[in-house]
Amino acid sequence: MQSNTGFNPLLSQLTEQTLAYQNSYKPVFFRLLDQEQKNAFEVLIQSRTNLQVYDHIKDQVEELIKCLQPTIVFMPPSVLADAVAKHFGGLEPEEFGVWVYYPWANKLVHLLDEADFAIVRTNRNKHKITAQEQQTLAQKKIGVMGLSVGQSVSLTLAMERGFGELRIADFDELDLSNINRIRTGIYNLKIKKTVIVAREIAEIDPYLNVVCFEEGITEENLDKFLTENGKLDLLIDECDSFDIKINARTKAKALGIPVLMEGSDRGTIDIERFDLEPERPVLHGMVEHLDMSKYQTLTTLDERAPYITAVTGVETLSPRMKASAVEIMGTISTWPQLASAVTYGGGVTADLSRKILLNLLKVSGRFFLDLDELISDPKPAETPTAFPAPVLLSKKEIEDFISEHRLAFEPSQQNISEEVLLQLIEAAKQAPSGGNNQPWHWHYQNGLLHLFLEEQVAQAYLDPQFISSYTALGASIENLLLKAASLNLAVNWQLTPQLAPKHIAWFSFTGSYQPTDAEKELANQIPLRHTNRKIGPRQELDQDTLAHLSSLVQQTKNAKLQWVTDPEMIKNLGMMATHADLLRMFIPEAHTDFIQREMRWNLDEVNATEDGIGIHTLDLGNNDQIGIRLLKDKRMINFLQQINGGSGFKRLSMMQFMASSAIGLVTMPQGEIKSFIEGGMAAEKLWLGATGLGLQVHPINVPLIFFYKNSVENSLPLPTESKAQLSQAEQQFKHIFGLQADEQAIFMFRLFKASPSPERTIRKTTDKIFSIGRA
């Protein structure tokens with residue numbers, strides 16, 4: 001039986017022009033019983049210098065006889081010898097079968113003709129694959145898009161003879177870095193991947209029909225790939241282009257072609273039986289919300305990220321792949337793949353391909369064959385850290401406390417209406433707080449408004465000794481005082497550090513105050529003030545603007561505001577902040593606190609808790625938002641720490657700093673609770689003033705907290721060397737800002753020009769943070 005590769009005039013094929021190696025992948029067949037082919041064969045022998053000839057035809061015929069008559073091995077050797085001689089049918093051995101010339105390798109191989117060759121080649125498939133199944137597979141047409149995993153798939157399919165026609169598509173040439181996962185030799189560098197795969201298949205089985213799409217899959221040739229010479233029976237997708245993935249599936253669905261994809265990470269398998277489920281949504285419905293017609297117009301990774309993650313999944317990536325995603329364009333240039341995973345995936349895909357084509361597998365869906373989960377050392381059971389809902393102060397506890405400490409409060413005989421109280425509380429609760437934990441409770445009783453700290457709310461890792469909460473309470477007080485002024489209320493008030501941490505301050509009001517224009521302006525900014533984390537082009541600010549903001553801070557006794565505008569110093573501060581941010585991720589307690597207590601990962605969580613920082617409020621692009629989501633995986637974080645990684649987060653933090661017009665630092669005298677409260681008041685006045693000027697503020701207090709925990713609390717679970725590095729960073733920080741020994745850093749922030757953020761952090765409903773007691 002002759003090969004379906006056909007036979008062209010061989011003398012012309014043997015010219016130097018047509019036998020150029022670079023893109024040749026079709027072997028040349030010679031059957032010496034045909035005189036023309038015999039003549040061409042002789043020309044080849046004479047013209048090819050260093051031709052390597054492999055002639056083991058007698059051994060192949062002997063193996064064929066054993067395949068056809070397995071019991072012959074138990075008979076005398078002469079029986080096998082007679083059967084072999086009879087099979088040659090009187091022909092000279094060199095005339096039997098076919099000679100196959102591989103021009104790219106300059107090798108000539110003597111083989112059985114196709115029917116006999118196939119019997120021997122598939123003999124050891126029986127009965128894993130029956131003879132009838134093998135015949136069925138020989139009629140099937142498979143298309144493979146992408147030739148990294150696709151090479152392993154294609155070669156495995158070829159070895160099993162799992163197809164009659166194989167269409168392979170890839171536009172790329174082989175680069176040195178590809179050889180970490182593509183099984184080929186370095187002599188194939190810069191050769192088309194399609195050519196390499198087609199040659200390897202031809203060297204395994206020259207009779208298999210391989211059709212190469214060397215330009216890859218395009219809109220122009222996709223229909224041809226799917227349907228020319230007969231519709232594909234199976235499409236195997238291993239390409240990198242996400243628009244091609246979706247477009248190919250859309251057309252495969254319309255044609256009733258099943259689709260199979262292996263993702264190499266975690267052995268991810270996608271099966272879509274469009275032949276059995278014609279209405280099945282593409283990619284299990286994961287991309288239905290996206291407009292794929294826009295994909296080709298998108299130019300940046302950030303724009304394409306929602307499309308990519310819809311296909312790959314984010315939460316289901318392996319920890320090391322998540323870490324790699326963070327490191328892309330930092331310490332690595334592209335997605336990693338390992339030869340072991342690619343080879344494993346190729347075998348799995350070929351196995352599933354056979355079962356789909358033989359209709360032995362009808363299921364659709366996404367599956368994981370994760371060896372790290374299937375075979376691993378026993379691990380101790382992890383008890384997940386759970387943060388129970390905080391037990392808030394009850395009205396009875398508050399009233400009992402006020403009664404017990406009544407001598408600490410100055411009596412007031414003048415009450416204000418509930419309507420006015422609600423306006424004051426509405427302003428007070430708009431204050432910023434660490435992680436938007438809103439650690440305040442306001443209580444009105446007997447003409448006095450009391451401010452309490454909700455201690456169970458204020459238990460964050462970055463709130464050592466409640467210093468962050470005290471700063472937030474100070475900001476809330478400032479809002480209350482400004483709102484009271486705008487309502488013509490004179491306020492008599494007093495901090496109560498002697499009653500901290502439970503009770504913070506009390507206030508009484510009379511209606512006899514005339515606010516200044518400055519107070520009115522600041523009060524007007526309360527509902528507009530918000531955190532802005534945008535990154536834009538850096539713009540200089542004039543000294544008058546900075547001086548005005550400094551003057552607002554200085555209205556609070558002992559408060560100071562230091563500015564850094566030099567780009568090199570800002571860069572140094574950014575490096576400190578980046579280091580602190582990574583410490584926050586690498587210290588397990590801090591990481592858990594960030595993931596569970598502070599962040600809200602969807603709108604349902606935001607609305608349920610009415611606190612925390614919704615991921616949608618972070619002013620992040622798609623790519624960085626995905627990176628933040630990856631932080632949820634502790635195993636990924638542990639691996640990042642192991643490789644000293646975190647490039648993506650470092651990049652984001654440094655970009656934020658370098659886009660800043662200035663870095664500001666509010667300081668107060670060291671050593672007193674009231675310093676943090678009053679520092680918070682000064683910071684809020686500054687922030688409201690900046691808002692009024694159209695400037696944006698982004699708090700960056702994490703370094704300050706780590707300095708405090710290291711030098712004051714001495715509580716960080718870090719090696720001595722790391723603590724020393726943190727102490728050194730704190731000294732550099734103090735030098736940059738010129739801090740004196742008795743000054744406490746309270747609030748550090750980025751100041752810059754940008755449009756307001758479209759999304760704001762949520763606030764608790766008033767009944768959760770305000771109560772009215774009995775008279």
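## Where N229 sits

In this predicted model, N229 is found in the loop between α9 (222–227) and β8 (234–237). Its backbone deserves a look: the phi of N229 is near 65°, a positive value in a residue other than glycine.

For context, most residues other than glycine have a negative phi. As for its surroundings, N229 is exposed, because its relative accessible area of 54% lies over the 50% cut-off.

## A second positive phi, at L283

L283 also has a positive phi, near 50°, and again the residue is something other than glycine. This leucine belongs to the loop between β10 (268–272) and α11 (301–312).

Is L283 buried or exposed? L283 counts as buried, because its relative accessibility is 0% and the cut-off for buried is under 20%. So the two positive-phi residues make a handy pair to view together: N229 is exposed, whereas L283 is buried.

## Two cis peptide bonds

Now for omega. Most peptide bonds are trans, so cis ones are worth finding on the backbone. Which bond leading into H127 is cis? The bond runs from K126 to H127, with omega near -10°. H127 itself lies in the loop that joins α5 (114–121) to α6 (131–137).

The peptide bond from A500 to P501 is cis too, and here omega is near 10°. To find P501, look in the loop between β14 (490–495) and β15 (503–510).

Conventions: Residues are numbered from 1 along each chain as its sequence is written. This is a predicted model: local features need pLDDT of at least 70, side-chain atom pairs count only at pLDDT 80 or more; totals for chains, interfaces and linings use all residues. Side-chain values use heavy atoms; hydrogens and water are left out. Helices (H or I, at least four residues) and strands (E, at least two) are DSSP runs, numbered from the N terminus. Buried means under 20% relative accessible area, exposed over 50%, partly exposed in between (1.4 Å probe, protein chains only).
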